[in-house]
Amino acid sequence: MSASAIPTPTAEGAGRSGAVVWVLALGGITVSLMQTLIIPIVPELPKLLNSSPSDATWAITATLLAGAVANPVVGRLGDMYGKRRMLLLNLVLLIVGSVVGALSDSLAPMIVGRALQGFSMAVIPLGISIMRDELPPERLGSATALMSASLGVGGALGLPTAAFIAEKADWHVLFWTAAVLGAVVTALVVALVPESAVRSGGRFDVVGGVGMSIGLVCLLLAVSKGADWGWGSGTTTGLFVVAVAVLLVWGWWELRTDRPLVDLRTSARRQVLLTNLASVMFGFAMFAMSLAVPQLLQLPTLTGYGLGQSVLAAGLTLGPSGLVMMATAPLSARISAAAGPRVTLMLGAFVVAAGYGLGVVMMAAVWQIVVVCCVISAGIGFAYGAMPALIMGAVPLSETAAANSLNSLMRSIGTSASSAVAGVVLAHMTTTFGSLAVPSHNGFRVIMGIGSAAALAALALAAFLPGRRPAVGAGVPAAASAGAGAR
């Protein structure tokens, strides 16, 4: 292409691309806010829904399972039939699920509503993929970093918001708020986000979709409910066995079908594989903070280490970490542009490990918790900004949504494992407070240590990533693109 044929960016085009970025980032924040929506009322769910405590946890588990299934399936459908189309479908499911939750007063409809909300988790990888298709290369790094960080931003900002609503109004207002936000984002997407012309076409891998869904549901169900059912129980063991068996058969099928749901050969490339494994560790590390810190903040001061904060105050304590993560996103993009996303990922892992290390010795005051959470969130912001760049630098354009969705799934697996491990640690390392057994001081220290170890594991994985790649948006290597076209 001659120099005269290269389009010159205009102010109108820059403004339109900026609007696309902020609309998609708002969608990501809305979806991640939905995840934390129910946390302030979890202790009250059995009474609110007339159910047992163990049954009430299905309102959380349903979202986790639905999101795990939706990510790879919707990602592939987005590559095939249009990312904006699938984005809108996911937002509609978020609205419908929120309305169902808002109208619920018993467990069954609440589970249905939360499952529908969970399907919207694919909004974030779809948004990143739309950015790759629509934005100029010089804007792509910072935009994808912001979109990827929106997962943590929405979670950190959503907790105090949800706590405030739950404290000041009827709990159903939480779900009506989510429905309204979903409707606003949907309208903005319709008005401002174009449909990408990049599509792979072909036929959807139904066998692969069903197989992966069954395998993931069994795996995550065993991980998330193992503590309730017993890790050595027949149900938990059986689910693990079924998950392994189904995923092995699924892998065999994916390697032999012409249009696989997940291209395992692409996923086995060193850059993709190691980034996905590091994502599991980062998902684990991020959720460890979200699980341990609110409990520590809300324990009574009479325990000697609890900080005696209300639910709302605990949520507000986590709020600054979301702002730090958002502020870190553009810095992450600059470091990736200068030194490569591998360096950014390693820096993020080091900062997260240091943050948890500080947490082991700094948990005696609210300001110390704020500092620890902000350091950890800064590291998460660096890492979450680098991961899409690493993934998109190694896969063809026709597989962008599927690859980003798989990466998002890896984070979800990490958060599920974190929930299980933290639950076991805090349930077994207890101390007596009056007639109650509460998590001990050392239990929180162990959680911080495990979070640091997970971040160091991510650092070790990142060290084996290939060296600097061309900037994201410059396109995939010609061989990859040619391979994608030939398949």
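Okay, let's start at alanine 462, which touches Arg342, Leu345 and Met346 if you skip residues up to four places away in sequence. Touching here is a contact, meaning heavy atoms within 4.5 Å. Before I go on, a word on what we're looking at: this is a predicted model, where local features need pLDDT of at least 70, side-chain atom pairs count only at pLDDT 80 or more, and totals for chains, interfaces and linings use all residues. Residues are numbered from 1 along each chain as its sequence is written, and side-chain values use heavy atoms, with hydrogens and water left out.

Back to alanine 462. You'll find alanine 462 in helix α18, residues 441-463. When I say helix, I mean a DSSP run of H or I with at least four residues, while strands are runs of E with at least two, and both are numbered from the N terminus. Is alanine 462 buried or exposed? Buried, with a relative accessible area of 0%. The cut-offs are these: buried is under 20% relative accessible area, exposed is over 50%, and partly exposed is in between, using a 1.4 Å probe and protein chains only. Now look for alanine 278: the two alanines, 462 and 278, are 184 residues apart in sequence, yet 6.9 Å apart in space, C-alpha to C-alpha.

Next, salt bridges. We count one when a side-chain nitrogen of Lys or Arg is within 4 Å of a carboxyl oxygen of Asp or Glu. How many are there in the whole structure? Searching all of it turns up five.

Take glutamate 44 and lysine 47, whose side chains pair up at 3.3 Å, N to O. Glutamate 44 is partly exposed, because its relative accessibility is 36%, and lysine 47 counts as exposed at 60%. Then there's glutamate 167 with lysine 168, a salt bridge at 3.9 Å, N to O. Glutamate 167 is partly exposed at 44%, and lysine 168 is exposed at 56%. Elsewhere, Asp79, Lys83 and Asp133 are joined into one network by salt bridges that share partners.

Let's zoom in on one link there: lysine 83 and aspartate 133 meet at 2.8 Å, N to O. Lysine 83 sits in helix α5 (residues 83-102) and aspartate 133 in helix α7 (residues 123-134), so this pair ties together parts that are 50 residues apart in sequence. Both lysine 83 and aspartate 133 are buried.

Staying on α5: this helix has 20 residues and runs 29 Å from its first C-alpha to its last, close to the 28 Å expected at 1.5 Å a residue. That expected span is 1.5 Å times one less than the number of residues. The buried residues of α5 include Lys83, Leu87, Leu91, Leu94 and Ser98. As a bit of background, an α-helix has 3.6 residues a turn, so residues three or four places apart point the same way.

Now try the same ruler on helix α8, residues 137-168: its 32 residues should span 46 Å, and the end C-alpha atoms are 45 Å apart, which agrees. Where does α8 bend? At serine 150, by about 40°. The bend is the angle between axes fitted to the seven residues ending at a residue and the seven starting there.

Two quick single-residue stops. Threonine 61, in helix α4 (residues 58-81), counts as buried because its relative accessibility is 6%. Leaving out residues up to four places away in sequence, threonine 61 touches Leu221, Ser224 and Lys225. Asparagine 50 is in the loop between α2 (45-49) and α3 (53-56). Asparagine 50 has a positive phi of about 55° although it isn't a glycine, and at 68% relative accessibility it's exposed.

Last topic: empty space. On a 1 Å grid over the protein atoms alone, a cavity is a set of points where a 1.4 Å probe fits but cannot get out; a pocket is an open set with protein on both sides within 12 Å along at least five of seven lines; and lining residues have an atom within 4 Å of a point. Points are joined across faces, edges and corners, and volume is the space filled by probe spheres set on them.

The second largest pocket has a volume of about 340 Å³. Its lining has 16 residues, with Met212, Trp250, Leu406, Met410 and Ile413 nearest the centre. As for cavities, the structure holds two of 30 Å³ or more, and the largest is about 100 Å³. Which helix gives the largest share of the largest cavity's lining? That's α17, with three residues.
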